[in-house]
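Reader: I should like to learn how features of a model such as this one are to be read. Please begin with confidence.

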Amino acid sequence: MLMSSCDDKLEITNPNQQTADAYWATEAQAFAGITAVYNALVTDGTYQRTFPSFNDSRGDDMYGDSPAVYLELGGQFTLPTNAAETQWIWRDHYMLIFRANQVISSVGKMDASIIGDDAKRRILGQAYFLRGLAYYNLAITYKAVPVVTEPPVDKTQYYPATATEEELWNQIFSDLRNGEEMLPINYDNVVGPDRGQKGRATKGAAAGMLGKAYLYRKMYPQAEAQLAKFFTGPLQGIYSLVPNYRDNFTTTNENNAESLFEVQFSATGGSVGNWTGEPSANWRQFIALPVAYGMEGKAWSDYQPTQWIYNEYRQEKTVDNQVDPRLPATILYYNEAEGNTTAYGAPWTASLRDKIYPRKYTMEGLGVPFETPETGGMNYRVLRYADILLMYAEVLNELGRTAEAYPYIQQVRSRAKLPDLATVRPNMNQEQMRDQIAHERALEFAIEGQRIHDIIRWGWLYDPAKLAMLKEHDDDFNTWTPGNEYLPIPQSELDNNANLLPNPANK
Amino acid sequence: MQQVLLSKRGWMLLLFLLYAAVTQVMAQGMTIKGKVTDASGAGLPGASVLLKGTSIASATDVDGNYVLNVQSGEGTLVVSYIGYLPQEVAINNRTTIDVTLQTDAKSLDEVVVVGYGTQRRADITGSVAVVDVADMKKVSTNDVGAMLQGRVSGVSVNTDGQPGAFPQVRIRGLGTFGNSDPLYVIDGVPITGVPRDFNPNDIESMQVLKDASAGAIYGSRAANGVVIITTRQGRKDTPLQVEYNGYYGIDQVWQKMPVTNRANYQILNNESRLRSGTKALAPANDPNNPRFVNNIDTDWQEEGLRTGNRQNHNINLSGGGVSSTYNISLDYFGNKGTYVGNGPTYERYTARVNSTLEKGIFKFGQSLFYARSDENGLVTADGVLAGGRPPLINDLVIAIPTMAVYDPANEGGFGGTLQEREDAISLNGIGYNSLIKSTTDVDRIFASGYGELQLLKRANHNLKYRLNLSHDVVTARDKTFIPTFNLGYFFPNAIARLNDNSRRYESSLIENTLNYEATLGRSSLAVLVGQMYQSENGVFKQGYAEGFTKPYYPVLSNGATSTSSGTEDAHVLSSYLGRVNYSFDDRYLLTATMRRDGSSRFSPVNRYGYFPSLALGWKLTNEAFFTVPKTIVSDLKLRASWGKLGNENIGNYRYLPAINSNVVYTFNNGERVLGGLQTSVVDESIKWEEKTTTNVGFDAVLFEGRVDFSAEYYHSKSEDVLVDIPIPASVGSVNANLLVNAGTLVNKGFEFTAGYNQTIGDFQFGISGNFTTLKNEVLSLGTNVNSRLGVGSITEIGGEVGRHYGWLVDGIFQSQEEIDNHAFQKPGTAPGDLKFRDISGPEGTPDGLIDTYDRTYLGSGIPKYNYGININASYKGFDLTIFASGKGGYLINSRLYRTLMHTGGDDNWHEDILDRWTSTNTDTNIPRLIWTDPNENGRDSNREGWLQDGTHLRINTVSLGYNFKPSFVKGINKARVYLTGQNLYTFQKYKGYNPDFTAGVFEPGFDNGSFPRPRTVMLGVQVGF
């Protein structure tokens, strides 16, 4: 008697949190589950800072200029394997995958008495899309990584082996295909707590990412069929370019008609920075790119645009003989003739007038006198309709249908008020068109994390002429060695998982 | 049982009922009183008075008075005191017996407090060290742990010089990967955590239980060893005794890091940037730039370190009546630290009331302790300043000399760098510590009481029931206010913020024990059985507000926005314990214990742990065949023990997988939606960690007590060690470390303690010392884990914890040809860079490539030995104490030194860098400066200075005192003045501050930036009325 009564008191429950065993029993929990997957998009290693900035700095449109030396070495393709930044990117993408796996596994098992079929498909579709996106990001960053599709049952399952590239890409295709099939075109008329919520994954987002994945793998017929859905198929007329290019990168006009998927950030609400760690209700969901990219004296100025990309914008004038409007939207520069004499509402610092800084994804011009670390508010665009247009043009060109590519390219050029390509450069051959598309993509997507992946998939690094050109654009390429276009698998990860293989960048 | 397990209010009531009951019961037997003095007539405090052949014992108070309750007027008293010859006195029906002891004797008859009772020192079979409290108190510190440094073999103490810091105390090495703090038991109550707020002046005795047998009675709590402390009690039939102890001292940092001045800094930084080929010169360092700085040359250590002070005042009141005793102490301790700015400072007020009451078969004792401490911390608020800073002392030393301390143009008034001028991130530590105020205020109430009932009292049989109750409440308030300021590049703060957090910890204990003692012929037997229930609760609240406007009134309501959060926590232990002590003919001794613990920290299947132990002792000198004269070998005892101890020193609810239901995502530009799922993984199968210890040793007293010597060997093996192992990030868990029963660890070593005492006329001299060796080996780290990396360290199966790990350096490349003929290192490797040795590759053989496969062990981070030496001498009224301690046989990885010797980056440099490689200075082992460090010369390696010999000898205390004659001033019966120098000097090769820094478990040799221990000179008085 004595024993039992005292020992009874040893059974105590956690007063702070529900235990996992009893979870996944209601529709509300299914919705809460998918919301928690989105949360993994907004940390340092996903879209808050490091993933986009490490993509940018490796391209020939940006270079690191930071007292934090790894931010420079990343762009110079010499990042040490133990650099925290590669660990963050790896870690945060797998956090997303772990959460998506829980939703796919647990919501997938819910029967109709718990959740309606429409809601279930929407939730699963989002989880598949987000997982597919995470694996896509990992594949283009690390080449080959482990593929995990179930939450681990116990600690013996914590040590997955590296998958082949084939397996990895098949998983990406499969996840995005599932997402496309299950997701609605929008959430305006759905029945459930997600009704009207912009920022959730849609059919268009999954379809577009799948096209992008096929293109990356040079699977042109599949990519053509996939991207054609936006012009002649079920997604026709859903998306369009917004008239003002800069609306894609500021806090105004977010989730607009051009956006297929964007990660939601907000300058207000919450008090705890969403850098990393256990999420709390007090998380402030800011984007840190503005403070990382903003000009000297106003922000950290960790990265700067290359002179090459600045000059590239000046190759053509608009139809009304003005500078390409994408230049001032992308780059902050001093030019009295063009009316650029202030930065952050104040006159340019005299000593910095010959320097150029990023403007895209900064708060410059949005009413702040300087950047502060935790108050970046604009959403990050993962996929824009302009990309669908230029990808489709590229696919057509690769399939030998070069002439058909013109109108798709021109839609993007026309928004920038550039003259008709069919007039200024008619009858290009396939090779010329490739270069033209490369040029168009560079201007349209500078500082959007795209350039290095285009360079990789076009094979430019292994083409001596193209490599020489890249070195001219950005002397960061002087220190590139074969294999180092990828980020190294984090050293701590190799140390902790014997089944994991190094990649070429670990050398 | 429910009656015993009363609610907290209920047991307080019970205490008072017991209190009332004891006054109504008749006494039995008789009481002997008296005074124990030395040859000069001065009372000897803490002397032991024992009824021979029994365990009935007492100890004298501060004036040498004692009271002893005995059955009859027959028998013999044995009176003993450390450093004096024991004396036996027949009682002969006397009720007052005064005893004068002669010095120069070592006694083994002292009463030693062990778990749940006392034992004669001579009868102890386990490994129990008694700390010389009088000597120990000569060290001025705010904490008990620091006093243990160098005092006891097998006990290693690491600490640093920050006021309010609590040191790391490790008993017999690192027995676990988690919390390795020993268990502290104060007046019979195991306390939660370390005794941070405890007043060292209250200590009457201190014992350290080191092996499994001694500690086994504390079962689950004793795996890291036990420190048993008793506090001062009054004596019966003693009029009020008043004592005052106080000192005042000054603290000064006596070590200075030689760093480069402005001119050298600029030359070096320019050289580093120019060589990179891409990094432009910083305008402030470029003589051709209008922004060149030539009028600032800040010596940061000179500006940032000041003279601190410390003081302690203690009043002790004690006395007693026929059936009661009391001891009241009031204490103030204050320590102002040596860093310019708000912190660190530490102040503490404590009060303690101890009393006992007895009547007949009832005895009642209570202790009430209150402490209030105010700490002004030296903090680095990571959330405010971007980029994760090192400890603030490092920031002070590495700050660049071209930055001004003060700059009225900056908000806040302190200097800082500019990107467009110095182009360096450098924190003004003085400004930071002056602008940010961070305080921790702690209130602690610790109440304990016991009731004892003598159920049976016969000549040869004794049975006692005892009820122990205690309640310990700690409330702490942590407040940090950060005003708006501008400390330059990277360190502006545009938003004023306040963190105002509170913590409350409660711990309640109920213990029921029965103690039976019997003497049967030549056998004596003591049996203890008991039950214990302890519950701990924590409540944590965090308040945060930001957007304060000037003038500041920093309370939460004044922020523009505020948030709050909070958690709760509970822990329960339920245990049963038993012990048998048996001795035959004062020759053979046996102790056996068993304890069963149940912990709320494990799932029901793994909840209970069983912890047995057995110890044997053999007093050789009492054998007939032992014919060596007693004048040569007075006492010799062999002892051996074996036992198993448990550990559950982990957080709560760690076996329960939890849902985080606050995973927020903002849809639609502002609509915050809460999501929920499992964000972190746990191992649900965690269970008790077990440590099995074997101990053999002997205790000898030679030459009639002039020499005493103990030696022992221990071997302990910890299995199923609870450890947070890093799991691959590909698991996707936010918590990247999984708590599992993963490790097996072995610690073994020898411990020696020796003492020598001599008296020649008025001159007394004593020297004692201890020496400990330690060898640590990791046998397992868990499934799938063969190694674990720490900071520049690796813990690997077959090796010890946290060996230094990195690349081997074979000098410096002198030519491109040499580089071309060497294994490939990095694309940018050039002459002047370190040459790393190609020792392996993916196939296990050298592969012509320097990469992570080429890392290897670079040495141990754990001291192979540590020791302490204490010398006492006195002549007439003068007394002198010298105390020194040290460690050796390990290498230190110093973050501060490595930062100061960087090859890339903008921090200031150590003057050693002046010997760097240049095209004209090639005969050096310091590589070239290049801002981008393409060869990664800064990586973990065995290059010169990266690992430094930690061997040291610290002169902890030199104290000279003078005792005035009792008749010196009327009414004062004791007066002593003393001058003490503390931490006077450390013989060390280490180029950081403290070779005995505190460190993380997996990087024992990594000094992240310990605060320098100041040199203290203090003047004190001790007066008794």
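Author: One begins by asking where confidence is low and where it is high. In chain B of this predicted model, the lowest confidence falls in helix H1 (residues 8-22) of chain B, with a mean of 44, and the highest in strand E50 (residues 948-949) of chain B, at 97. The mean pLDDT of chain B is 88, and 95% of its residues reach 70 or more.

Reader: Over which residues of chain B is the pLDDT below 50?

Author: One such stretch is residues 1-28 of chain B, which has 40 contacts in the model beyond near neighbours in sequence. Residues 104-108 of chain B also have a pLDDT below 50, and this stretch has 21 contacts beyond near neighbours in sequence. For the model as a whole, the scores are ipTM 0.94 and pTM 0.79.

Reader: How many residues does each chain give to the contact between chain A and chain B?

Author: Chain B gives 79 residues and chain A gives 80 residues. On the side of chain B that touches chain A, the elements that give two or more residues are strands E29 (523-546), E30 (561-584), E31 (588-599), E34 (660-667), E35 (671-677) and E38 (737-760) of chain B. E34(B) gives the most, with eight residues. Sorted by class, this side of chain B has 35 nonpolar, 33 polar and 11 charged residues.

Reader: E38(B) is among those elements. Which strands does E38(B) pair with, and in what sense?

Author: To read a sheet, one follows a strand from partner to partner and notes the residues that stand opposite each other. Strand E37 (residues 707-726) of chain B pairs with E38(B) in the antiparallel sense over 18 bridges, and B:Ser716 stands opposite B:Asn747 in E38(B). B:Asn747 also stands opposite B:Asn776 in E40(B); strand E40 (residues 775-780) of chain B runs antiparallel to E38(B) and is joined to it by five bridges. Strand E39 (residues 763-773) of chain B is likewise antiparallel to E38(B), with 10 bridges between them. There, B:Gln758 stands opposite B:Phe765 in E39(B).

Reader: How many residues lie between E38(B) and E39(B) in their hairpin?

Author: Two residues lie between them, and B:Gly761 in the turn has a positive phi of about 60 degrees. A further hairpin, formed by E22(B) and E23(B), has two residues between its strands, and B:Gly360 in its turn has a positive phi of about 55 degrees. Strand E23 (residues 362-376) of chain B pairs with E22(B) in the antiparallel sense over 15 bridges, and B:Glu358 has B:Lys363 in E23(B) as its bridge partner. Strand E22 (residues 345-359) of chain B also pairs with strand E21 (residues 324-336) of chain B, in the antiparallel sense over 13 bridges. In that pairing, B:Leu330 stands opposite B:Ala351 in E22(B).

Reader: What general rule governs the side chains of a regular strand?

Author: In a regular strand, side chains alternate between the two faces of the sheet.

Reader: How should a helix be read? Which residues of H10(A) are buried?

Author: For a helix, one lists the buried residues and then views them down the axis. In helix H10 (residues 220-228) of chain A, the buried residues are A:Ala223, A:Gln226 and A:Leu227. Seen down the axis of H10(A), these residues fall within an arc of 90 degrees, so they line one face of the helix. Their cover includes helix H9 (203-216) and helix H14 (385-398) of chain A.

Reader: Is A:Leu260 buried or exposed?

Author: A:Leu260, found in strand E2 (residues 259-263) of chain A, counts as buried because it has 25 C-beta neighbours inside 10 Å, the cut-off being 20 or more. Leaving aside residues up to four places away in sequence, A:Leu260 touches A:Gly204, A:Ala205, A:Gly208, A:Tyr239, A:Leu383, A:Arg384 and A:Tyr385.

Reader: Into which domains is chain A divided?

Author: Chain A is divided into domain 1 (25-201 + 485-506) and domain 2 (293-476). Taken over C-alpha atoms, the centres of these two domains of chain A are separated by 27 Å. In the contact between them, 21 residues of domain 1 of chain A meet 23 residues of domain 2 of chain A. On the domain 1 side, helix H4 (50-58), strand E1 (62-64) and helix H5 (69-75) of chain A are the elements that give two or more residues. H4(A) provides the largest share of that side, six residues. By class, the side of domain 1 of chain A that touches domain 2 of chain A has seven nonpolar, eight polar and six charged residues.

Notes: Residues are numbered from 1 along each chain as its sequence is written. Chains are lettered from A and ligands numbered from 1 in the order in which they are written. Two strands pair if DSSP finds at least two bridges between them. Helices (H or I, at least four residues) and strands (E, at least two) are DSSP runs, numbered from the N terminus. Two residues are in contact if their C-beta atoms, placed from the backbone, lie within 7 Å. Ala, Val, Leu, Ile, Met, Phe, Trp, Tyr, Cys and Pro count as nonpolar, Asp, Glu, Lys and Arg as charged, and the others, Gly among them, as polar. pLDDT is the predictor's confidence in each residue, from 0 to 100. A residue is buried if 20 or more other C-beta atoms lie within 10 Å of its own, exposed if 12 or fewer, and partly exposed in between; C-beta atoms are placed from the backbone. The arc is that of the directions from the helix axis to the C-beta atoms. Domain bounds come from an automatic or database domain assignment.
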